[in-house]
Amino acid sequence: QVQLVESGGGLVQAGGSLRLSCAASGRTFRGYAMGWFRQAPGKEREFVAGISWSAGIINYADSVKGRCTISRDNVKNMMNLQMNGLKPEDTAVYYCAKYPLAVPTGAPDFWGQGTQVTVSS
């Protein structure tokens, strides 16, 4: 069964760090770009970071650039998001997503269930 399972969310103080992980089934992961998105209460889901299958293309939302690092392990079928210098405005449910292509463009076609990140001030 195709699956994307996020982990690593939690409660952290402003300025702290979290590392989110996404475990993917092989059929979901292999050959495809992946990304992280987030949705804060009362707001639309927004892009956070994307990474191509080869990891040769990586992009970030301006709001997290310089504070977050996306990575993937194509042997372990894992994707990670290291988040440093967290701010209260980073509070959201974070979703792992698969793109339909090898590069992170267009809209994802598969989503995980999400993991909550809460940053206290």
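In this predicted model, the charged end of R72 sits over the ring of F29, at 4.2 Å from the ring centre. I begin with this contact, and F29 leads on to the aromatic pairs. At 0% relative accessibility, F29 counts as buried.

The structure holds five aromatic pairs. One of them joins F29 to W53; the arrangement is edge-to-face, with 6.3 Å from centre to centre and 75° between the planes. F29 belongs to helix 1, residues 26–29, while W53 is in the loop between strand 5 (46–51) and strand 6 (58–60), so this pair ties together parts that lie 24 residues apart in sequence. W53 has a relative accessible area of 25% and is therefore partly exposed.

Let me turn to another pair, that of F37 and W111. Stacked or edge-to-face, which description applies to these two rings? Their planes stand at 70° and their centres are 5.0 Å apart, so the pair is edge-to-face. F37 is located in strand 4, residues 34–39, and W111 in strand 10, residues 110–111; the pair therefore ties together parts 74 residues apart in sequence. With a relative accessible area of 9%, F37 is buried. W111, by contrast, is partly exposed at 29% relative accessibility.

These two residues also belong to a group. F37, F47, Y95, Y99 and W111 form one aromatic cluster. Y95, a member of that cluster, has a charge over its ring as well: the charged end of R45 sits there, 3.8 Å from the ring centre.

I come next to the cysteines. How many disulfides does the model contain? The count comes to one disulfide, and it joins C22 to C96, with an S to S distance of 2.0 Å. The angle about the S-S bond is -65°, and the link of C22 and C96 is left-handed. Distant parts of the chain are linked here: C22 is in strand 3, residues 18–24, and C96 is in strand 9, residues 92–98, with the two positions 74 residues apart in sequence. Both C22 and C96 are buried. C68, on the other hand, is in no disulfide; the nearest cysteine sulfur is that of C96, and it is 15 Å away. Why does C68 count as buried? Its relative accessibility is 6%, and the limit for a buried residue is under 20%.

The loop between strand 5 and strand 6, already met with W53, deserves a second look. I57 is also found in this loop. Its relative accessibility is 39%, and I57 therefore counts as partly exposed. Together with L101 and V103, I57 makes a nonpolar surface patch of about 220 Å².

A55 has its place in the loop between strand 5 and strand 6 too. At 34% relative accessibility, A55 counts as partly exposed. What draws attention to A55 is its backbone: phi is near 70°, a positive value in a residue other than glycine. Most residues other than glycine have a negative phi.

A further residue with this feature is N77, where phi is near 55°, again positive and again not in a glycine. N77 lies in the loop between strand 7 (68–73) and strand 8 (78–83). Is N77 buried or exposed? Its relative accessible area is 12%, so N77 is buried.

To close, I return to the disulfide and the aromatic cluster: C22 is joined to C96, and F37, F47, Y95, Y99 and W111 make up the cluster.

Technical notes: Residues numbered from 1 in each chain as written. Predicted model: local features only at pLDDT ≥ 70, side-chain atom pairs only at ≥ 80, totals over all residues. Heavy atoms only, no water. Phe/Tyr/Trp six-rings, centres within 6.5 Å; stacked < 30°, edge-to-face > 60°. Helix = DSSP H or I, 4+ residues; strand = E, 2+ residues; numbered from the N terminus. Buried < 20%, exposed > 50% of the residue type's maximum accessible area, 1.4 Å probe, protein only. Lys NZ or Arg CZ within 6 Å of the ring centre and 35° of its normal. Patch = residues over 30% accessible without salt bridge, like charges linked within 9 Å, V, L, I, M, F, W, Y side chains within 5 Å. Areas by Shrake-Rupley, 256 points an atom, 1.4 Å probe, with all protein chains shown as cover. Salt bridge = Lys/Arg side-chain N within 4 Å of Asp/Glu carboxyl O. Disulfide = S-S within 2.5 Å.
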